[in-house]
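Welcome! Please have the sequence and the 3D view open, and try each task before you read its solution.

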Amino acid sequence: MSNLQSLFQAIPSMDRCLSAVEEAARQAACDSSKPCQELIQAPHLLVREALAAYWNRVRQDIRAGTIAQVRELGLEARLPHMLAFVCRAVQPRLRPVCNGTGVIIHTNTGRSLLAREAQDALLRAASGNTTLEFNEATGGRGSRNALVSRLLQILTGAEDGLVVNNNAAAVLLVLDTFCRNREAVISRGELVEIGGSFRIPDVMEATGVRLREVGATNRTHLEDYERAICDRTGALVRVHTSNFRIIGFHTAVPTRDLARLAHDHGLLLINDLGSGSLVDLERAGLPHEPTVQQSVADGSDLVLFSGDKLLGGPQAGIIVGKKELMARLRENPLLRALRCDKLVYAALEATLRLYLKPQKAVQAIPTLRQILMSAEELSLRAERLASLLATACQGLCEVSLRADSSRTGGGAFPEYPLPTTLVVLKPLSCSAEQLKQRLLGTSPLLLGRIEQDAFCLDPRTLNEEDFDLIVRLVHKVLQD
């Protein structure tokens, strides 16, 4: 028998591995190990699948010569690593994250955090029946499209509003309704690409719309739009360049002038704001951005924006504008394919209601609160976290503070940093990159950023109530 065959035959049976892992998990769970508690509750099929994947990796190591001794394959030798592997594998794929990156609207972690009021509304909607499509006056069928329309009217000054599942869907619905088989005139400087290599021109062309590009990347004038208008034109389109900015020799046509041109020719002005905001954030040191209200007041016929970016709500695409235009959007069969469920409506309604009291909104909505957080408050938060880490990780890690900056994220305010104070960790027994990788395996995951060979945490995007948990996570991985 070859050594390779001997090694393969030394692999324990699936039944023995299952018994050993389950017993080890029960013992670890007694010590309040959350991953092991999840393993005990995991479906048997997932545990077997994880064990099979683990031993497939071991077989690869055997073939590669990494494992050459039979004793390396015994249950006693393999159990700690096998248990850790299976615990990670059977956890739910959607896992909680402590975001210490300083990116407020972090697309990879779900964008905006919801306000407590929105969380409560989600729970109520998820826990029972709702009036999603129930007419309380007649007892018959109602329309979900009317659930937040009045709030949108009040907050934006528009005549009407409706909601779809994201802003790309809003673009799709609007262009399909008003510009299919026609031309949409747009500045070359506004043909943006958003996250995941998703390009605005691709969304537009998917509706059968022909793009009519005008102007240059950095300069577009009113006469450029006017020369492009013809009998095939369906609308003038403005796309706010929220995820990049052009500096230097740059000119764009004001929305008010573009609206006047469109209306003089009997056309619509469709204004895609992307990360639309209901609050002017200049007080945070950020540049002026057109708010939804301003865009409506400037004459835009339809204004499109996201619910989960600067608005601070759930993922949604919101369209506000003229009543007769909104009626046509509601008649489009695509709307049914793009509609939102009761959970989105619950969270969005609760978020919009907060904006009825602007002072409460900037405190209650996490996205706004984090953007507007002062440098002084951030410094105090960083000092508290650093003190806790220094005490717990003494002899394991050097802890210091450093002035730096946060980012808004979500394609909003590019190249405009927000001052912050970082908590800087330099582990003594591993590299900063190794610390980062270890923290990706914790529950919850702890995200930070690597700068100047150190692992850094930004208190702007961390909850103070999580500080003790963060300290435990860092201490545990530094000890392992």
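The exercises below go from the whole chain to single helices, helix pairs and loop residues, all in a predicted model.

**Exercise 1. The whole chain**

Find out how many helices and strands the protein chain has, and what share of its residues is buried.

Solution.
- Start with the secondary structure: the protein chain has 20 helices and 16 strands.
- Next, look at the extent: along the principal axes, the C-alpha atoms fill a box of roughly 85 × 50 × 50 Å.
- Then turn to burial: of the 480 residues, 49% are buried.
- Finally, consider the contacts with a separation of 6 or more: 75% of them link residues 24 or more positions apart.

**Exercise 2. A bent helix and its partner**

Locate the bend in helix H5, then decide how H4 and H5 are oriented to each other.

Solution.
- Helix H5 covers residues 75-90, and its bend of about 30 degrees sits at histidine 81.
- The buried residues of H5 include Met82, Phe85, Val86 and Val90, and these four also belong to the group that meets H4.
- Helix H4 spans residues 44-64, and its axis comes within 9 Å of the H5 axis, crossing at roughly 130 degrees.
- That angle lies outside the ranges for roughly parallel, antiparallel or perpendicular, so H4 and H5 are oblique to each other.
- The crossing of H4 past H5 is right-handed.
- On the H4 side, the residues that meet H5 include Leu46, Ala50, Tyr54 and Trp55. By class, this contact has 13 nonpolar, one polar and two charged residues.

**Exercise 3. Two more helix pairs**

Work out which orientation H8 and H13 have, and which one H18 and H20 have.

Solution.
- Take H8 (residues 167-178) and H13 (residues 323-331): their axes come within 10 Å and cross at roughly 100 degrees.
- Angles of 65 to 115 degrees count as roughly perpendicular, so H8 and H13 are roughly perpendicular to each other.
- Leu173, Val174, Thr177 and Phe178 of H8 meet Leu325, Arg328 and Leu329 of H13. Sorted by class, these are five nonpolar, one polar and one charged residues.
- Now take H18 (residues 375-392) and H20: the axes come within 10 Å and cross at roughly 40 degrees.
- H18 and H20 are therefore oblique to each other, and H18 passes H20 in a right-handed crossing.
- Among the residues in this contact are Arg381, Leu385 and Leu388 in H18, and Phe467, Val471 and Val474 in H20. The classes here are eight nonpolar, one polar and three charged residues.

**Exercise 4. Two loop residues**

Decide whether histidine 106 is buried or exposed, do so for threonine 461, and look up what each one touches.

Solution.
- Histidine 106 is in the loop between strand S2 (103-105) and helix H6 (116-127).
- Its relative accessibility is 13%, so histidine 106 counts as buried, the cut-off being under 20%.
- Beyond neighbours within four places in sequence, histidine 106 contacts Asn99, Thr101 and Arg111.
- Threonine 461 is in the loop between strand S16 (454-457) and helix H20 (467-479).
- With 6% relative accessibility, threonine 461 counts as buried.
- Not counting residues up to four places away in sequence, threonine 461 touches Asn99, Gly100, Thr101, Gly102, Val103, Ile104 and Gln370.
- Put the two lists side by side: Asn99 and Thr101 are contacts of histidine 106 and also of threonine 461.

Notes
Residues numbered from 1 in each chain as written. Predicted model: local features only at pLDDT ≥ 70, side-chain atom pairs only at ≥ 80, totals over all residues. Heavy atoms only, no water. Bend = angle between axes of the 7 residues up to and from the residue. Helix = DSSP H or I, 4+ residues; strand = E, 2+ residues; numbered from the N terminus. Buried < 20%, exposed > 50% of the residue type's maximum accessible area, 1.4 Å probe, protein only. Axes fitted to C-alpha atoms, helices over the stretch in contact; angles between N-to-C directions. Parallel < 35°, antiparallel > 145°, perpendicular 65-115°, else oblique. Left-handed = near helix turned anticlockwise from the far one by under 90°. Contact = heavy atoms within 4.5 Å. Nonpolar A, V, L, I, M, F, W, Y, C, P; charged D, E, K, R; others polar.
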